[in-house]
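Reader: I am new to this structure and would like a close look at one part of it, the nonpolar core, together with whatever surrounds that part. Please take me through it slowly.

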Amino acid sequence: MSNTPSTHDATGPVIKRPTRWHIVVFLLPAFIVYSAVMILPLVETLRLSLFNTVDGQSTFVGLGNFKVLFGDERWAHDFWNALKNNFIFFVIHMLVQNPMGVALAAMLSLPKLRFASFYRTAIFLPTLLSFVIVGFIWKLILSPIWGVSPFLLDVVGLKSLFSPWLGKPGSALIAVSLISVWQYVGIPMMLIYAALLNIPEEVIEAAECDGVTGWSQFWKIKLPLILPAIGIISILTFVGNFNAFDLIYTVQGALAGPDGSTDILGTLLYRTFFGFQLQLGDRSMGATIATVMFLIILAGVSLYLFVIQRRMRRYQF
Amino acid sequence: MSKARASLTRTSLVHLALISYAIISVFPVFLTLINSMKDRNAIFRNPMQLPSPKTFDLVGYYTVLGQGDFATYFQNSFIVTVASIALVLLFGAMAAFALSEYRFRGNTLMGLYLAIGIMIPIRLGTVAILQGMVATGLVNTLTALVLVYTAQGIPLAVFILSEFMRTVSDDLKNAGRIDGLSEYAIFFRLVLPLVRPAMATVAVFTMIPIWNDLWFPLILAPSEATKTVTLGSQIFIGQFVTNWNAVLAALSLAIFPVLVLYLVFSRQLIRGITSGAVK
């Protein structure tokens, strides 16, 4: 927030000016709201993770909370379970959502494809719906009471495969992840589609002159050129997944059943700091979980910014 | 000849794949909408059938509109969304203008500071946000939600808008300065009207997560008077799990505004995404 006098812009003459208050006025509202509601609470949460209530008083415990979270039998099981589930949740998104988004975008960007805007509109629709709507619709469709899923599987002759996926500990996490993939495949599709449209004509024409067409054109020419966009969707997926909560809460409730098999860090954070049913809210442990999530996301974002993005730069035009 | 046939086969395969996925995307929504207008027996016996005069029944809608306080929920969501978007656009555009127009010490640092929020979700600070809202007495007010969503939206708004403001011609602004316009007048009267398309993009991107958010209404404003439509339908549907007519009708009512807005603005929204506003 410094506003020492300096030149106005590169072309202007060098004049010493008095304090330019308008800069302060322009920046201040955004700065205040952003700092007060976002940055300070974030810092305060990180700070709280180092404190806990001992004998009714808030006491500095160092990394004690983390030790409890990682090692104490009351917490460790839930925490490692949530972390593992969250990781599986992320891997399913990376393996299903992003390749599917790339494939859809590659098909949509074919030249002279008819109805392209219709397909785009339809496939992007679920992304706009709220988790509540998406969660309940799929809960109804996958429900064994309503015969829609068995009926549809019967049409393709796979009726025997049906089971109440959301209710079985073995399949619930995969089912919820796929619902989330269904909802969000539109975002990677759109970003990759934009990246594909931005590839210069000349590059494609040159490839065609050299006889590189069809599949090999996609793998050898287009894919390397859209790698930066794939990097962006990967990091967006990572941040979104390690911060997810709403869909699981809607489909499986705050306990993330059956038997905690869909519990991820977001639902664990909610139960821990806000309390649920018989469990009382615990602010310090909540802050500790939030800090762990923060560190995971920070590690992912740093890896992307400092390692992955730097290596990809050479592919850009 | 054979080459043409091969390409025809390829095009049909592409269409087949795209149509199948488009159906998968739209089918659940369609299924909900048609079944919300049928009677209970028809919902279970023939879920795939369109409502016929015989099975047509709006009993679900009567239940929902009679019991749930949906008008209030809609109003709350509307107030929160509109107020947050207005503040995000105003504050975001002002900050973006300061960052893109003036050179001052700390410019880059401020830009980076504001960019943290693009990647780090505001949700992680919830423990302290709740504490702060309790301390200031803002719990269970719409103001709390507006403040949180404004803070959440500012980083991306500043990022997108400052990219666009760099493209506004310097000559125009300097001509304004020579004519004696103040810096405020240059911002409000010259620059803002020129970046209106970018503002629309930012507005759409800000709106969707706010309208659909469940986390903050659940934690900061769960009282009956401040429920948003997302939280309201969550709780309402939870209560009616066995009344399928009501559940389907509530879902349809929640989908409807989004569906209409999307069909009206989809072109602009998709253009906003693909035009490189978000690179």
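Author: The largest nonpolar core has 159 residues, and those with the most contacts inside it are A:Ile192, B:Ala95, B:Val148 and B:Leu161. Helix α7 of chain B, residues 142-165, supplies the largest share of this core, namely 17 residues. All of this is read from a predicted model, for which the predictor gives the complex an ipTM of 0.84 and a pTM of 0.85. Chain B has an average pLDDT of 86, and 95% of the residues score at least 70.

One of the core residues named above, B:Leu161, can be followed through its contacts: when residues up to four places away in sequence are not counted, B:Leu161 touches B:Gly92, B:Ala93 and B:Ala96, and also B:Val195, B:Ala198 and B:Val202. The UniProt record, an unreviewed entry, annotates as "transmembrane region" residues 12-34, 78-99, 111-130, 142-165, 186-211 and 246-265 of chain B. Two of these spans can be described further: residues 12-34 of chain B are 100% helix and 0% strand, with end C-alpha atoms 30 Å apart, while residues 186-211 of chain B are 96% helix and 0% strand, with end C-alpha atoms 33 Å apart.

On the side of chain A, the core residue A:Ile192 leads to A:Ala229, for the C-alpha atoms of these two residues are separated by 6.1 Å although they are 37 residues apart along the chain. A:Ala229 is found in helix α10 of chain A, which runs over residues 214-241. A:Ala229 counts as buried because 21 other C-beta atoms lie within 10 Å, where the cut-off for a buried residue is 20 or more. Leaving aside neighbours within four places in sequence, A:Ala229 is in contact with A:Leu191, A:Ile192 and A:Ala195.

Two other helices of chain A can be set beside this picture. Helix α12 of chain A, residues 265-274, is mostly covered, with 9 of its 10 residues buried; among them are A:Leu265, A:Leu268, A:Leu269, A:Tyr270, A:Arg271 and A:Phe273. After α12(A) comes A:Gly275, whose phi is positive, near 85 degrees. Helix α9 of chain A, residues 201-209, lies largely in the open, because the number buried among its 9 residues is 0. Just after α9(A), A:Gly211 takes a positive phi of about 80 degrees.

For chain A, the unreviewed UniProt entry lists as "transmembrane region" residues 21-43, 87-110, 122-152, 172-196, 225-245 and 285-307. Residues 87-110 of chain A are 92% helix and 0% strand, and their end C-alpha atoms are 34 Å apart, whereas residues 285-307 of chain A are 100% helix and 0% strand, with end C-alpha atoms 32 Å apart.

The core residues named at the start come from both chains, which leads to the contact between them. This contact takes 67 residues from chain B and 70 residues from chain A. By class, the side of chain B that touches chain A has 48 nonpolar, 15 polar and 4 charged residues.

Finally, each chain has a domain assignment. Chain A is divided into domain 1 (1-48) and domain 2 (67-315), and 37 Å separate the centres of these two domains of chain A, taken over C-alpha atoms. Chain B is given domain 1 (2-57) and domain 2 (68-239), with 38 Å between the centres of these two domains of chain B, again taken over C-alpha atoms.

Technical notes. Residues numbered from 1 in each chain as written. Chains lettered and ligands numbered in written order. Predicted model: local features only at pLDDT ≥ 70, side-chain atom pairs only at ≥ 80, totals over all residues. Contact = placed C-beta atoms within 7 Å. Nonpolar A, V, L, I, M, F, W, Y, C, P; charged D, E, K, R; others polar. UniProt positions renumbered as here; feature names shortened; annotations may be inferred. Helix = DSSP H or I, 4+ residues; strand = E, 2+ residues; numbered from the N terminus. Buried ≥ 20, exposed ≤ 12 C-beta atoms within 10 Å, placed from the backbone. Domains from an automatic or database assignment. Core = buried A, V, L, I, M, F, W, Y, C linked by C-beta atoms within 7 Å. pLDDT = per-residue confidence, 0-100.
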